[in-house]
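Me: Could you take a close look at one part of this model with me? I would like to see how a single helix sits among its neighbours, and what surrounds it.

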Amino acid sequence: MNGYRDELTPFIRTLFSNTFKTNPSLERGIMAGITCLSKESVFADMNHLVTVTATSEQYAAAFGFTEEEVFAALERQGYTENNKQDVKNWYGGFTFGGTELYNPWAVTCFLSTGKFDTYWANTSENGLVGTLLRKGGPDIKHEFENLLKGGNVTVPVDEQMFYNPLDTNPEAVWSFLLASGYLKVVQSYQKSRPFVRTPNPFIP
């Protein structure tokens, strides 16, 4: 927020409290983001938030297109089995709560244009990811190189992470990459140290 966080926080806290807590016209609201909102100070006045993370089974199929949905859409437009595999290679590979999902924006764009492209490239700013990786030590850089080569890494992940620790805890980069869709959980032998890998060879 370019140095204006302290000034903006009280306004946002009041706005969210009036919108989500004391609003008689609203039964339920959903907020989507990357870091854990319930720990941010703007929600200090709210005590009824439910956090759904990338490994939560709750609403698992609601945050992307399932393979069944994607293949059905492809069939309706006359695509073949080979086309389905190409779409899977380009836009599949994500998981939410253990459910395999496809990038909804990319799939929608492909169905509209019929062309494979990195449609996600201009939908977000990736500067923070680059900054976190540059600040990380040699171990983080080596592990990330392993991911880019198609390997897996075993790293600590805190799905209740919020924004502030990103500047002070180098290991927080893995939690951020998982929450933002750059990584996915492959297998976990402890809740705090899952195996993660990139969703597909086309890094979003």
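Reply: Happy to. In α7, the buried residues are A172, V173, W174, S175, F176, L177 and L178. This is a predicted model, and all that follows is read from its atoms. With 7 of its 8 residues buried, α7 is largely enclosed by the rest of the structure. Just past the end of this helix, G181 adopts a positive phi of about 90 degrees.

What does α7 belong to? The largest nonpolar core numbers 17 residues, and V129, L133, F144, L147, V173, W174 and L177 have the most contacts inside it. Three helices, α5 (127-135), α6 (138-148) and α7 (172-179), each supply at least two residues of that core. The largest share, 5 residues, comes from α7. As a general background, nonpolar side chains in soluble globular proteins tend to be buried together.

V129 is a good residue to click on next. Leaving aside residues up to four places away in sequence, V129 touches F176, L177 and Y182. F176 and L177 are both among the buried residues of α7, so you can follow the packing from V129 straight into the helix you asked about.

Now turn to the other two helices of this core. The axes of α5 and α6 come within 7 Å and cross at roughly 125 degrees, which makes α5 oblique to α6. On the α5 side the contact is made by L133, R134 and K135, and on the α6 side by I140, K141 and F144. Sorted by class, this contact has 3 nonpolar, no polar and 3 charged residues. Two of its members, L133 and F144, also appear in the list of residues with the most contacts inside the largest core.

There is a second core as well, separate from this one: it has 12 residues, including V70, F71, V87 and Y102.

If you trace the chain back from α5, you come to the loop that joins α4 (104-113) to α5, and G114 lies in it. G114 has 37% relative accessibility, so it counts as partly exposed. Not counting residues up to four places away in sequence, G114 touches Y79 and C109. Q77 is 37 residues from G114 in sequence, yet their C-alpha atoms are 9.8 Å apart in space.

To place all this in the whole fold, the protein chain has 7 helices and 6 strands. Their order along the sequence is α-β-α-α-β-β-α-α-α-β-α-β-β. Of the 204 residues in the chain, 33% count as buried. Among contacts between residues at least 6 apart in sequence, 61% join residues at least 24 apart. The chain exposes about 12600 Å², and carbon and sulfur atoms supply 52% of that area.

Back at your helix, then: α7 is largely enclosed, with 7 of its 8 residues buried, and it gives the largest share of the 17-residue core.

Terms used. Residues numbered from 1 in each chain as written. Predicted model: local features only at pLDDT ≥ 70, side-chain atom pairs only at ≥ 80, totals over all residues. Heavy atoms only, no water. Core = buried A, V, L, I, M, F, W, Y, C linked by side-chain atoms within 4.5 Å. Buried < 20%, exposed > 50% of the residue type's maximum accessible area, 1.4 Å probe, protein only. Helix = DSSP H or I, 4+ residues; strand = E, 2+ residues; numbered from the N terminus. Contact = heavy atoms within 4.5 Å. Areas by Shrake-Rupley, 256 points an atom, 1.4 Å probe, with all protein chains shown as cover. Axes fitted to C-alpha atoms, helices over the stretch in contact; angles between N-to-C directions. Parallel < 35°, antiparallel > 145°, perpendicular 65-115°, else oblique. Nonpolar A, V, L, I, M, F, W, Y, C, P; charged D, E, K, R; others polar.
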